[in-house]
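Colleague: I am new to this structure and would like to know how its labels were reached. Please take me through the reasoning.

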Amino acid sequence: MTETLILRELLAAEPGWVSGGAIATKLGVSRVSVWHQMEKLRAQGFGFEALPARGYRLSRRPRMLHAGLVEAQLKVRRKGFTFLVLDEVDSTNDECARQLAAGRAAPFAVFAQKQTRGRGRFGRVWHSEANGNLYSSFAFRPRIEPGRMQTFTLWMGVTICELVSRFVPLAPGIKWPNDIVFDGRKAGGMLTEARVDADQIRDLVFGLGLNVNSPAADWPADLARRAVSLSELAGAAVDLNHLTAALIGRVLLAYERFIEGEHVDMFAELWNKYDVLRGREITLAEGGRKRRGKVLGVDDVGSLLLRDDHGRTRGFRAGEVTVEKGA
Ligand code: BTN
């Protein structure tokens, strides 16, 4: 798209200038058409400085998600990958499922400024106002055994920690199985859902909600105590479009590594780096039962290893963890 190409030229020149003529020649379009595209971009929240002798320079970018700006910042353009940015959707996970069912070629991703029925684990509501946070889902057709899904989410979790640590000056952590946390407060959550044929995953949706720019004051009081946004940690607004472009690159690479089985060694190292539960006394609520114990880590299928008071160690595939006070 011309719009993306213009943005790419302007971004590449930053903080310098690019002449309208140079952009037009590079893109093989007229100067008038470049000017028209830039007017359209202005209406979408971009600002350009213009000097007759030097050309144009980007002076303002939209804070909300902008498909062209994300695309223009992709470092690697993976063959066949497409994505959508929607103003509003019920749930990006549900939109991915619909598009998969309709036959859209994978991989693809759906991003939304706002969700009306954002979902978390256990059917909980995921607050999803249009507040500069990230609501994203990636769709794949992996053809792997269903048993690998848990490690997939954990692997994606450490991938997200790696990404997030580039945007804030503090170290993120992962709380098994799907929470991205900072000092006990939740900055993000993952929801992986799959349709399974007899012994293979037919398609898989990896959903990620990340509190990027929401002011804590906008959340309900109880949530504000438990949640944190990246902008709060960074002390300044986080560039959502840049973060989204980086997310796409990392998720697609992590997916390829996972499918090729290249992630195994890296996973063990990264999990140990980001795991906030190892060595902690916790309660695991699972299937109506509560079990207490000390976390020893995760096994190779992604189960949480818990040692009880009798010294017995068991792996748990699902459940919700509460860290014991003072542990
Ligand atoms: C959790 O922590 O329980 C998981 C939260 C997952 C939220 C994301 S937001 C984008 C995607 N769409 C949804 O409806 N849920 C996930």
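Modeller: Rings of Phe, Tyr and Trp pair if their centres lie within 6.5 Å. This is a predicted model, and in it ring pairs link Phe-140, Phe-152, Phe-206, Tyr-255 and Phe-258 into a cluster. The structure holds 10 aromatic pairs.

Colleague: What makes Phe-83 and Phe-111 an aromatic pair, and what is the angle between their planes?

Modeller: Their centres are 5.9 Å apart, and the cut-off is 6.5 Å. The planes meet at 80 degrees; over 60 counts as edge-to-face, so Phe-83 and Phe-111 are called edge-to-face.

Colleague: Why is this pair said to link distant parts of the chain?

Modeller: Phe-83 is in strand E3 (residues 82-86) and Phe-111 in strand E4 (residues 108-112), with the two positions 28 residues apart in the numbering.

Colleague: How do you know whether Phe-83 is buried or exposed?

Modeller: Buried means under 20% relative accessible area. Phe-83 has 14% relative accessibility, so Phe-83 counts as buried. Phe-111, with a relative accessible area of 0%, is buried too.

Colleague: Why is the pair of Phe-152 and Tyr-255 called edge-to-face?

Modeller: The ring centres of Phe-152 and Tyr-255 are 6.4 Å apart, which is within 6.5 Å. Their planes are at 80 degrees, so the label is edge-to-face. This pair also links distant parts of the chain: Phe-152 belongs to helix H6 (residues 149-164) and Tyr-255 to helix H9 (residues 240-259), 103 residues apart. Both Phe-152 and Tyr-255 are buried.

Colleague: What makes the charged end of Arg-148 count as sitting over the ring of Phe-258?

Modeller: The distance part of the rule asks for CZ of Arg within 6 Å of the ring centre. For Arg-148 the distance to the centre of the Phe-258 ring is 4.3 Å. The charged end of Arg-104 likewise sits over the ring of Phe-108, 5.1 Å from its centre.

Colleague: Which strands are the edge strands of the open sheet, and what makes them so?

Modeller: The sheet has seven strands in the order E3-E4-E5-E9-E8-E7-E6, with mixed pairing. E3 and E6 (173-175) are the edge strands, as each pairs on one side only. Neighbouring strands of this sheet are turned by 20 degrees against each other on average, direction ignored.

Colleague: How do you know that E6 and E7 pair?

Modeller: At least two bridges are needed. E6 and strand E7 (residues 179-182) have three bridges, so they pair, in the antiparallel sense. Asp-179 in E7 is the bridge partner of Lys-175.

Terms used
Residues numbered from 1 in each chain as written. Predicted model: local features only at pLDDT ≥ 70, side-chain atom pairs only at ≥ 80, totals over all residues. Heavy atoms only, no water. Phe/Tyr/Trp six-rings, centres within 6.5 Å; stacked < 30°, edge-to-face > 60°. Helix = DSSP H or I, 4+ residues; strand = E, 2+ residues; numbered from the N terminus. Buried < 20%, exposed > 50% of the residue type's maximum accessible area, 1.4 Å probe, protein only. Lys NZ or Arg CZ within 6 Å of the ring centre and 35° of its normal. Axes fitted to C-alpha atoms, helices over the stretch in contact; angles between N-to-C directions.
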